[in-house]
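The following paragraphs lead through a protein model, beginning with its sheets and ending with its cores. Please keep the sequence and the structure in view while reading.

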Amino acid sequence: MNLLFEEDGAFKTGTILTDNDASLQVETPHGKRLKLKSNHVLMRFAQPGAGELLDRAEAEAEGLDTEFLWEVCGDDEFGFAEFAREYFGHEPSPVESAAVLLRLHAAPIYFHRKGRGRFRKAPAEILQAALAGLEKKRQQAAAVERMRDELLAGQLPEELKPLVRQLLYKPDRNRLETKALEAACAEGGKSAARLLLDCGALASSHELHFDRFLFEYFPAGTGFPAFEPPVAPADLPLAAVRAFSIDDAATTEIDDAFSVTPVDGGWRIGIHIAAPGLGFGRGSSLDAIARERLSTVYMPGNKITMLPDAIVESFTLAEGRDCPALSLYLDVSRDLMVTGNHSRIERVPVVANLRHHDIEPVFNETTLAEGGPDFPWKTELTLLWEFATVLEAGRGKPAANQNLVDFNFSVDWSETTADGPGRIEIGRRSRGSPLDKLVAELMIAANSTWGKALADAGIPALYRAQTGGKVRMTTAAAPHEGLGVDCYAWSSSPLRRYVDLVNQWQLIGWLSGTAPAFPPKSPELIAAMRDFELTYAAYAEFQRGMERYWCLRWLRQQGHPAMSARVLRESLVRLEAIPLIFKVPSMPTLPPGTRVQLAIDSTDLIDVDVRATYLETLAPAGNEPIEEDDADLPAATDDASATAPDTPAPAATEAPPAA
């Protein structure tokens with residue numbers, strides 16, 4: 001005797017070896033013996049053989065119409081054998097009974113299981129809902145398959161076009177579009193970024209990296225909301241000075257300017273800082289904008305300003321205008337020693353915006369040593385450089401930035417290369433020039449002097465402190481060992497950094513005798529400091545990432561030539577021509593500073609990676625400037641024009657054309 005039974009949710013057959021009423025010893029068609037409880041048996045039969053029943057029943061079940069079975073069965077619970085008897089109109093054969101069982105079991109939407117071999121038809125309304133859901137799933141599966149096929153064919157499905165950024169940076173795995181993209185990536189062996197780039201979803205690899213940053217930090221876009229126009233005080237006194245700024249050609253946010261006025265026994269040197277804090281205050285709509293952005297974002301070929309362009313234009317220290325400013329005046333004797341200082345809120349006549357490319361050819365270490373040609377502002381610049389040298393020595397940090405190189409990134413958006421819009425040029429500029437020292441030392445003087453003044457007045461401010469080599473922000477006037485000053489409060493870039501704007505409001509309160517914008521122990525001040533630190537670090541990391549990306553673009557423009565590099569440590573090197581750091585696994589162990597020649601094998605603009613092969617060790621190049629190899633070393637000032645420690649260097653700021 002044979003039997004049909006259910007085990008682990010599957011139907012099986014076997015031959016009875018021993019029948020003990022409550023249990024049976026059974027041998028399956030494959031020779032396996034097992035012990036089976038009697039209540040697991042669904043049907044006993046003599047013919048056909050145990051190995052034939054299910055095969056023949058499956059063939060018979062193919063001819064049974066599930067919908068018809070649902071129509072003819074009753075509403076009460078039933079067993080498969082009795083239903084087979086009613087359906088066939090005679091005592092069913094074992095094959096017929098098993099066929100009905102298989103068909104009922106395979107249609108759980110139509111027939112609900114109520115036990116082993118027992119079922120109940122689904123109510124009509126439940127069946128219709130289930131069938132609708134089944135059809136929806138079928139259509140969804142078909143849509144996923146269609147979108148996958150389109151992606152593999154290099155076409156971007158219409159459904160994916162408005163979701164590209166979400167699919168790349170924050171995919172929702174419950175969406176059909178995400179499932180289609182993942183399926184295409186798995187079948188095509190490509191990442192989502194590469195596949196979408198191949199399909200034209202992105203204009204270039206640059207858009208991929210730039211949009212990732214915008215998606216996280218500017219989800220609503222880089223445009224500014226409506227704001228109340230600022231109103232600068234109309235009764236500010238006019239300073240009796242002729243101020244001039246010193247900036248890179250690309251600088252538009254001119255925060256600082258200088259003046260030199262002869263006085264009895266020496267000079268009065270003015271450090272003038274743009275004063276947007278006079279036009280709007282804490283709690284204003286412009287404060288909300290600056291508080292949200294916290295800093296201008298720099299990158300090669302572009303920047304995202306902290307304040308709207310109209311506000312920058314109103315308060316930038318542009319030549320030919322009398323500009324609202326906070327001024328620090330240093331009384332300097334003829335031997336260039338500071339004998340006193342005082343600060344004012346005033347309007348400053350800015351008579352010139354000097355640019356590096358115009359001034360450095362006639363004002364540099366060589367011209368200073370040899371006399372050089374005459375040019376406008378030579379007297380003032382020479383005096384300020386000599387004064388800066390004294391200030392630098394007084395800090396105990398002389399020549400902190402000599403023998404270093406800055407790299408300037410310039411993107412020409414009017415050109416398009418094989419890698420997309422933009423052609424990159426990377427220039428080298430030796431750091432520590434007379435202009436660098438001049439600007440850096442005067443900024444350090446202003447930030448440290450004003451920081452101490454606020455501390456002495458008991459007015460809270462935001463400081464940069466360095467102890468034990470670690471730089472941090474604090475509300476306490478702590479020493480900055482790297483700069484050699486007792487305290488250092490960022491105050492010189494209020495158009496670019498929220499910290500500087502906050503400190504400017506505190507300075508305005510101090511100079512005007514009014515309550516400071518942030519009182520002592522202000523939780524809002526501490527919150528602003530913490531948010532700024534995190535955001536500023538993220539912006540700096542993005543800038544470094546984009547500079548690395550454009551270094552790869554530069555290599556590709558050059559056709560991947562062989563390049564010289566310097567060993568930093570172990571297999572880590574930096575190219576000499578551009579500031580690109582990467583590992584060369586094939587390089588032997590060499591001392592740091594060793595020059596090597598590398599073959600650039602490949603560059604990857606998606607993963608922003610480069611592969612190179614060691615060729616040979618080169619002879620030393622002599623005492624030439626080298627690039628920074630430590631992020632803690634001083635970096636360029638926030639106007640990209642000089643050297644002020646503890647401030648990251650912005651990249652070139654040419655904006656790309658409007659989309």
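Two strands are said to pair if DSSP finds at least two bridges between them. Helices (H or I, at least four residues) and strands (E, at least two) are DSSP runs, numbered from the N terminus. The model is predicted: local features need pLDDT of at least 70, side-chain atom pairs count only at pLDDT 80 or more, and totals for chains, interfaces and linings use all residues. Residues are numbered from 1 along each chain as its sequence is written, and side-chain values use heavy atoms, with hydrogens and water left out.

The first topic is a sheet of three strands. This open sheet follows the order β6-β8-β7, and its pairing is antiparallel. Because β6 (78-79) and β7 (111-115) each have a single partner strand, they stand at the edges, and one side of each is left without a neighbour in the sheet. β7 is joined to strand β8 (residues 118-121) by four bridges, the two running antiparallel. Within this pair, phenylalanine 111 stands opposite lysine 121, and glycine 115 stands opposite arginine 118. Two residues lie between the strands of this hairpin, in which glycine 117 takes a positive phi near 75°.

A second open sheet contains five strands in the order β4-β3-β2-β1-β5, again with antiparallel pairing. Here the edges are β4 (33-37) and β5 (41-45); each has a single partner strand, so one side of each lacks a neighbour in the sheet. From one strand to the next, the twist averages 40°; for angles such as this, axes are lines fitted to C-alpha atoms, for helices over the stretch in contact, and values run from 0 to 180 degrees between N-to-C directions. Four bridges pair strand β1 (residues 2-7) with β5 in the antiparallel sense, and one bridge partnership links leucine 3 to arginine 44 in β5. Helix α1 (residues 53-61) lies across β1, β2 (10-19) and β5, running at about 145° to β2. Helix α4 also lies across β1, β2 and β5, at about 160° to β5.

Attention now turns to helix α7. This helix (residues 176-188) has 13 residues and reaches 18 Å from its first C-alpha to its last, close to the 18 Å expected at 1.5 Å a residue; the expected span is 1.5 Å times one less than the number of residues. Which residues of α7 are buried? They are Glu177, Thr178, Ala180, Leu181, Ala184 and Cys185, where buried means under 20% relative accessible area, exposed over 50%, and partly exposed in between (1.4 Å probe, protein chains only). Seen down the axis of α7, these buried residues fall within an arc of 160°, so they line one face of the helix; the arc is that of the directions from the helix axis to the C-beta atoms. An α-helix has 3.6 residues a turn, so residues three or four places apart point the same way. Ala186 and Glu187, on the other side of α7, are exposed. The buried residues pack against α5 (124-152), α6 (164-169) and α8 (192-198), contact meaning heavy atoms within 4.5 Å. Just after α7, glycine 189 takes a positive phi of about 70°.

Serine 204 occupies the loop between α8 and α9 (205-217). This serine is buried, with a relative accessible area of 7%. Not counting residues up to four places away in sequence, serine 204 touches Leu197, Asp419, Gly420 and Pro421.

Further along the chain is strand β23 (residues 595-604), mostly covered, with eight of its 10 residues buried. Strand β20 (residues 563-569) pairs with β23 in the antiparallel sense over four bridges, and serine 564 has glutamine 597 in β23 as its bridge partner. β23 is also joined by eight bridges to strand β24 (residues 609-617), the two running antiparallel. Threonine 603 stands opposite valine 610 in β24. The hairpin of β23 and β24 has four residues between the strands, and valine 608 in the turn has a positive phi of about 50°.

The last topic is the nonpolar core, a set of buried Ala, Val, Leu, Ile, Met, Phe, Trp, Tyr and Cys residues joined through side-chain atoms within 4.5 Å. The largest has 85 residues, of which Phe244, Phe258, Ile271, Leu381, Leu442 and Tyr498 touch the most other members. Its largest share, 10 residues, comes from helix α15 (residues 434-456). Apart from this core lies another, of 41 residues, including Phe218, Phe409, Val411 and Tyr539.
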